[in-house]
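Colleague: Got a minute to walk me through this one? I'd like the packing and the strand pairing, with the cut-offs spelled out.

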Amino acid sequence: MRRISPATQHYAWGSTTAIPDLLCAVPDGRPVAEAWFGAHPSAPSVVHDDGSDVPLDRLVAADPTGTLGEDVRTRFGGELPYLLKVIAAESPLSLQVHPSRDRARAGYAAEDAAGVPLAAPERNYRDRNHKPELVYALTRFDAMVGFRAPRRVAELLGGLDAPLAADLHALLVSDTTPGAVRRAFEWLMSPDTRPAEDDVRKFADACAQRLADGSPSPRTDRTVMRLAAAYPGDAGAVTSVLLNPVTLHPGDALFVPAGSVHAYLHGVGVEIMANSDNVLRAGLTAKHIDLPELLANLDAVAAPPIRIAPERVFTSTEIFYAPVDDFELSVTRLTDEGATRIPGRGPRVLLCLEGEVEVRAQDGEPMVLTRGQSAFAPASDGVLTAWGDGVLIQADVP
């Protein structure tokens, strides 16, 4: 087991205080949007070992069987299959979709063949992997995920006094097929049909007026207003009427499969995902937008968000099993009542969220982790045992 330090990402939508507070670091005034605990080559964690610092991806590459175990090495091509993050959204993130594995491989190859540099802002595919993800809320966490049922969207639009609302309502009531909301989304976001900024403003004003009049859908109206204020004139604000609203409370978890359109709006959480940085954006961002590529990856099925209920293992541990092979997440709450086994196997990343815990590998010395400290346990460490008074997050491979 070795201590690691995360790579931090200073995206504009991040919080200046939330992640520094969790990591027990001094804020420097910059927004800190994400802290990455993993081995993605674009921002690997740093491993601290015997006075030397080594990127985690290099540590894995130097001994893939010892760090990953034979099974994980064979299944995932010698790479750590997951990426653990802490995310702190002070303002809304982009409207986005993550690709499937097949689409990621094809897109990566096509951009390579076209000579698009890997670090270029216009690059869609930073790697060849899919990116399903699970978010575990540490605070109230607001998001919008997946398409609503067409009938519900038509109801929300029917009570709005705005030309754009009337156009969208007419589109939906004239098309009763399952793909109607997807087509409304494409109509809103495509350059040839995208509404003018003034129409978006009138739509947001109509939501504000409906809210003042006693709206039957206050959460939807507030979301439109929030997005329109953050990204004036962006039609992505209107798409929030098409998407399912989600509010997680601390301890809740949400799974977002590849192909599901979504945007995180506000909150702090722990994310675990396949080891990928592939993001396709449609709006609500100053970053690169590629609507055709996003639409090619988009799952058009209207369905409710996928909340993951934990399974309790032993007395102190809950495990969130996502419907993918790349990762699982466990949360262990220790209360000074003796040692407990931490379930899981293979390569593991540990993060102390609260208090102080001690962790020991099968044949190793104990390691103390306090709030914000993290460690990497290779597969060769075997069974992990922990004790103390605190909360320990673990990422591992099913």
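Modeller: Here's a run through the cores, some ring pairs, two strands and a couple of side chains. Keep in mind that this is a predicted model, where local features need pLDDT of at least 70, side-chain atom pairs count only at pLDDT 80 or more, and totals for chains, interfaces and linings use all residues. Residues are numbered from 1 along each chain as its sequence is written, and side-chain values use heavy atoms, with hydrogens and water left out.

Colleague: Which helix gives the largest share of the largest nonpolar core?

Modeller: A nonpolar core here is a set of buried Ala, Val, Leu, Ile, Met, Phe, Trp, Tyr and Cys residues joined through side-chain atoms within 4.5 Å. Buried means under 20% relative accessible area, exposed over 50%, and partly exposed in between, with a 1.4 Å probe and protein chains only. The largest such core has 46 residues, with Leu95, Phe185 and Phe203 making the most contacts inside it. Helices (H or I, at least four residues) and strands (E, at least two) are DSSP runs numbered from the N terminus, and the largest share, six residues, comes from residues 180-189, helix H8.

Colleague: How many residues are in the other core?

Modeller: That core lies apart from the 46-residue one. Its members include Ala39, Val60, Leu351 and Val397. The count is 42 residues.

Colleague: Why is the pair of Phe147 and Phe185 given its label, and what is that label?

Modeller: Rings of Phe, Tyr and Trp (its six-membered ring) pair if their centres lie within 6.5 Å; planes under 30 degrees apart count as stacked, over 60 as edge-to-face and the rest as tilted. Both Phe147 and Phe185 are buried, and Phe185 also has contacts (heavy atoms within 4.5 Å) with Leu95, Thr239 and Leu298, among others. The pair links strand E9 (residues 141-147) to helix H8, across 38 residues of sequence. The centres are 5.7 Å apart and the planes sit at 65°, so the label is edge-to-face.

Colleague: And what do you call the pair of Tyr11 and Trp13?

Modeller: The structure holds four aromatic pairs. In this one, Trp13 is buried at 12% relative accessible area. Its ring centre and that of Tyr11 are 5.8 Å apart with planes at 40°, so the pair is tilted.

Colleague: Which charged residue sits over the ring of Tyr11?

Modeller: The test is that NZ of Lys or CZ of Arg is within 6 Å of the ring centre and within 35 degrees of the ring normal. Here the charged end is 3.9 Å from the centre, and the residue is Lys287.

Colleague: Is Arg123 buried or exposed?

Modeller: Arg123 lies in the loop between helix H5 (101-113) and strand E8 (133-137), with its charged end over the ring of Tyr108, 4.8 Å from the centre. Its side chain also makes a polar contact of 3.1 Å with that of Glu111. Polar contacts are N or O pairs within 3.5 Å; within protein, one atom must be able to donate a hydrogen and the other to accept it, and residues adjacent in sequence count only if both atoms are side-chain atoms. At 2% relative accessibility, Arg123 counts as buried.

Colleague: Which residue in E12 stands opposite Val145?

Modeller: Two strands pair if DSSP finds at least two bridges between them. E9 has all seven of its seven residues buried, and six bridges join it to antiparallel E10 (residues 243-248). Four bridges join E9 to E12 (residues 262-274), also antiparallel. The residue opposite Val145 is His262.

Colleague: In E6, what is the bridge partner of Glu34?

Modeller: Glu34 belongs to strand E3 (residues 34-38), where five of five residues are buried. E3 pairs antiparallel with E2 (residues 7-9) over three bridges, and five bridges join it to antiparallel E6 (residues 82-89). On the E2 side, Gln9 is bridged to Glu34. In E6, the partner is Ile87.

Colleague: Which side chain makes a 2.5 Å polar contact with His48?

Modeller: His48 lies in strand E4 (residues 46-49) and counts as partly exposed, at 32% relative accessibility. Its contacts beyond four places in sequence are Arg2, Arg3, Ile4, Ser5 and Asp53. The 2.5 Å partner is Ser5.
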